[in-house]
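Dear colleague,

Here is the structure I said I would pass on. My notes on it follow below the display.

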Amino acid sequence: MQRHGGQILVGQLAIQGCDRVFCVPGESYLAALDGLHAHNAIHTVVCRQEGGAAMMAEAYGKATGVPGICFCTRGPGATNAASGVHVAFQDSTPMILFIGQVASDQKDREAFQEVNYELMFAPLAKWVAQIDSVDRIPEYISQAYHRAMSGRPGPVVLALPEDMLSSSTDVQDAEAATSVEAKLADEDLQQLTDLLVEAERPLMIVGGSGWSQGINDQLEAFAAREGMPVACAFRFQDHFDNTHPNYVGDVGIGVNPKLVKRIADSDLLIAVGVRLGEMTTSGYTLLDIPSPKQKLVHVYPGSDELGRVYRPHLAINASSRSFVASLTGLTGIGKASWQEQALKGHADYEANIVPEATAGDFRIEEAVTWLSANLPIDAVITNGAGNYSAWVHRYHQYRKFGSQLAPTSGSMGYGLPAAIGGQFAHPDRRVVCFAGDGCLMMTCQELATIAAHDLPIIVVVVNNGMYGTIRMHQERTYPGRVSGTSLHNPDFVAFGLSFGLEAALVERTEDFASAFETALSSNKPYLLELKVDPEALSPKLKLSSLTK
C-alpha cells in the first residue's frame with residue numbers, strides 16, 4: 001500500500017508503542033503532522049516553544065523508561081530544542097527528536113533555516129542522522145529506538161528532508177525494537193562477593209536511568225537484610241526510600257559533611273548506575289583521581305563510562321536492574337557493624353533535614369517540610385535549576401521511585417515542562433513543580449500547555465527577585481559588585497490567571513498550608529507565588545553574610 005513518508009514514520013512510532021508526541025508545528029514536517037492526524041492512539045501535545053517541548057519529551061522518557069518523542073521544525077526550532085536534548089544526554093534519558101529539514105535539492109545552499117544537524121548535535125546526542133530515502137524510514141526508526149535505549153540510554157536526533165517526508169512508497173514496516181540489556185556476569189558477582197566479605201565499612205551510591213520501583217524494592221530489601229548503608233546520587237533521591245533506616249543521604253550540591261566523611265572513611269564504595277560526574281563527586285573532590293583510596297566497584301550499563309575519571313577496582317558492565325536482581329542471592333555476608341554504621345548514617349541524615357531558620361516572613365524550609373509530610377508518597381516533584389531547589393532536595397523526603405524529575409544537567413526552565421511530561425506519564429499522581437522566578441520565565445509560555453490540557457499541576461514559584469545562584473557566586477568572587485543578576489518580574493498571580501490557571505500569592509509561612517490545600521483540592525491547574533526574602537540565599541547562607 002502506498003503511503004507518504006509522514007504516514008510511514010508515524011506508523012513506525014505506533015509499532016514501537018509510542019502513545020504521545022510533543023511538538024511545535026512547522027511547515028518543514030507537514031507530512032508527519034498529517035501522519036499523526038490518522039493515528040488517534042498517538043496523542044499530539046502542541047507546545048509553545050521547542051525547548052519546552054523537548055524537555056517535556058525528556059521528562060516523559062525519564063518517567064516511563066521508553067523514548068520520549070519530540071518534533072520540531074528546522075533552524076530556530078531545532079536550536080531551541082537543543083536545550084532539551086542536552087538534558088537528555090547528561091541525564092542518560094531515552095529520547096528521539098525529529099527535525100524537519102530543507103528539501104534534498106536545496107541541500108548545502110544555506111537554504112531557508114538550513115542547518116547541518118549531524119554537525120550541530122554531534123556532541124549532544126548518542127546518534128544523529130538524516131533520512132534521505134523514504135524507503136529507509138522503518139530502518140532508521142528501528143535503529144533510533146535501539147540506540148536510544150541500549151547501553152547508556154540517551155537522545156537520538158533524526159533530520160527529515162521535506163521532500164523525502166512527502167514522497168510515497170510501499171515499504172514494509174519494521175517490528176518493535178528489541179530491548180538490549182547488559183547483564184551481570186557470574187565472575188563479576190563472585191568478585192563482588194569476595195570484596196563484600198572483606199569489607200568493614202562499605203557504602204553504596206545509587207542513581208542513573210533504567211530504574212523502577214521493583215529495583216528499589218529489591219535494593220531496599222538487600223540493604224535491610226545485610227545492613228548496607230545506601231546514599232543516592234545528585235537528583236536521583238527517589239532511587240531509595242529516604243525514610244529507610246539504611247538511607248544515609250544524597251551526594252551532590254550541599255552534601256552533608258558527615259556523609260562526605262563517611263564516604264572518605266569507607267573501604268568499599270559501590271556505585272550503581274551513576275556516572276560519578278562533577279555534581280555527584282562535589283567537583284571531582286570526593287574521590288582521588290584516577291585511583292580512589294577506597295576499593296571502588298562501578299556498575300554501569302555503558303562501558304565507555306567505566307574508568308572515564310575514576311579507575312574502578314572492579315568495573316561491572318551491567319544494567320542496574322541486572323545488578324540489583326543478583327543481590328537477592330547474596331545472603332549472610334553483612335556484618336553487625338554494617339547495620340550500626342547505616343543507622344548512625346541515617347541519624348546524621350535526619351539531623352541534617354531538621355529545618356534551619358532562614359530570613360523573612362516566608363520560610364521555604366518550613367513549606368517544603370510540610371509538603372514532605374502531607375503530599376501523597378507517590379507525588380511527583382519537579383524543578384529546574386537555582387538555589388531554590390536546594391531547599392527541595394534537602395528537606396523533601398522521596399519515598400517512591402519516579403517521584404523526582406530534576407535535571408542533573410542543571411538546566412534552568414526544566415521544572416515546568418518536566419511537570420507536564422510527568423503528569424502525562426502519571427495521570428493518576430499529583431505533580432508539583434518548583435520554579436524560581438528566573439527559572440520559570442525560561443519556559444513560562446508552557447503554562448498555556450498546562451491550561452490547554454487542564455492538567456492539575458501545582459506550580460510553586462519561589463520569587464526572590466534575582467538570579468540567586470549567580471548572585472551567590474558573584475558576591476563570593478566579586479563582593480559588592482552586583483551586575484546582571486537583578487530581575488524585573490511580572491505579577492505572577494496575574495500572569496497565571498491570564499493563562500487560565502487559578503493562582504494565589506503567599507507572603508507568610510503560616511498561610512502556606514491552607515493555600516496549598518486549596519490548590520490541591522481544586523484539582524485544577526494552579527500557581528502559587530511565594531514571596532521569599534532575598535536575604536534567604538540558600539539553606540545555610542544569608543545574602544548579608546557575603547556582602548559584609
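**Aromatic pairs, cores and backbone**

Y117 has a relative accessibility of 2%, so this tyrosine counts as buried. Please keep in mind throughout that the model is predicted.

The ring of Y117 pairs with that of F121. Their centres are 6.4 Å apart and the planes make an angle of 40 degrees, a tilted arrangement. F121 is buried as well, its relative accessible area being 0%. Just before this pair in the sequence is N116, in the loop between β5 (95-101) and α5 (117-120). N116 has 41% relative accessibility and is therefore classed as partly exposed, since that class covers the range between 20% and 50%. From N116 to R311 the C-alpha distance is 37 Å, with their positions 195 residues apart in sequence.

In total there are 13 aromatic pairs in the structure. One of them joins Y29 and F71: the ring centres are 5.5 Å apart and the planes differ by 25 degrees, which means the pair is stacked, because the limit for stacking is under 30 degrees. This pair connects distant parts of the chain. Y29 is in the loop between β2 (20-23) and α2 (30-37), while F71 belongs to strand β4 (residues 68-72), 42 residues away. Both Y29 and F71 are buried.

Elsewhere, F362, W370, F512 and F516 are linked into a cluster by ring pairs. There is also a charge over a ring: the charged end of R152 sits over F89, 5.2 Å from the ring centre.

Next, the nonpolar cores. The largest has 63 residues, and M204, I270, F323 and F434 have the most contacts inside it. What does F323 touch, leaving aside its neighbours within four places in sequence? The contacts of F323 are L184, L192, I270, V272, V299 and I316. Another core, of 56 residues, lies apart from the largest one; C72, L97, L124 and C433 are among its members.

On helix packing, α1 (residues 5-15) crosses α6 (residues 137-149). Their axes come within 9 Å, at an angle of roughly 35 degrees, and the crossing is right-handed. The residues that meet there are G5, I8, L9, Q12 and L13 from α1, and I137, P138, I141 and Y145 from α6.

Finally, some backbone points to look at:

- I289 and P290 are joined by a cis peptide bond, with omega at about 0 degrees. P290 is in the loop between β12 (268-272) and β13 (295-300).
- L276 lies in the loop between β12 and β13. Its phi is positive, about 55 degrees, although L276 is not a glycine. With a relative accessible area of 4%, L276 is buried.
- R235 is not a glycine either, yet has a positive phi of about 65 degrees. R235 is found in the loop between β10 (230-233) and β11 (247-251). Is this arginine buried or exposed? At 7% relative accessibility, R235 counts as buried.

Regards

Methods: Residues are numbered from 1 along each chain as its sequence is written. This is a predicted model: local features need pLDDT of at least 70, side-chain atom pairs count only at pLDDT 80 or more; totals for chains, interfaces and linings use all residues. Side-chain values use heavy atoms; hydrogens and water are left out. Rings of Phe, Tyr and Trp (its six-membered ring) pair if their centres lie within 6.5 Å; planes under 30 degrees apart count as stacked, over 60 as edge-to-face and the rest as tilted. Helices (H or I, at least four residues) and strands (E, at least two) are DSSP runs, numbered from the N terminus. Buried means under 20% relative accessible area, exposed over 50%, partly exposed in between (1.4 Å probe, protein chains only). A charge sits over a ring if NZ of Lys or CZ of Arg is within 6 Å of the ring centre and within 35 degrees of the ring normal. A nonpolar core is a set of buried Ala, Val, Leu, Ile, Met, Phe, Trp, Tyr and Cys residues joined through side-chain atoms within 4.5 Å. Contact means heavy atoms within 4.5 Å. Axes are lines fitted to C-alpha atoms, for helices over the stretch in contact, and angles run from 0 to 180 degrees between N-to-C directions. A crossing is left-handed if the near helix is turned anticlockwise from the far one by less than a right angle, and right-handed if clockwise.
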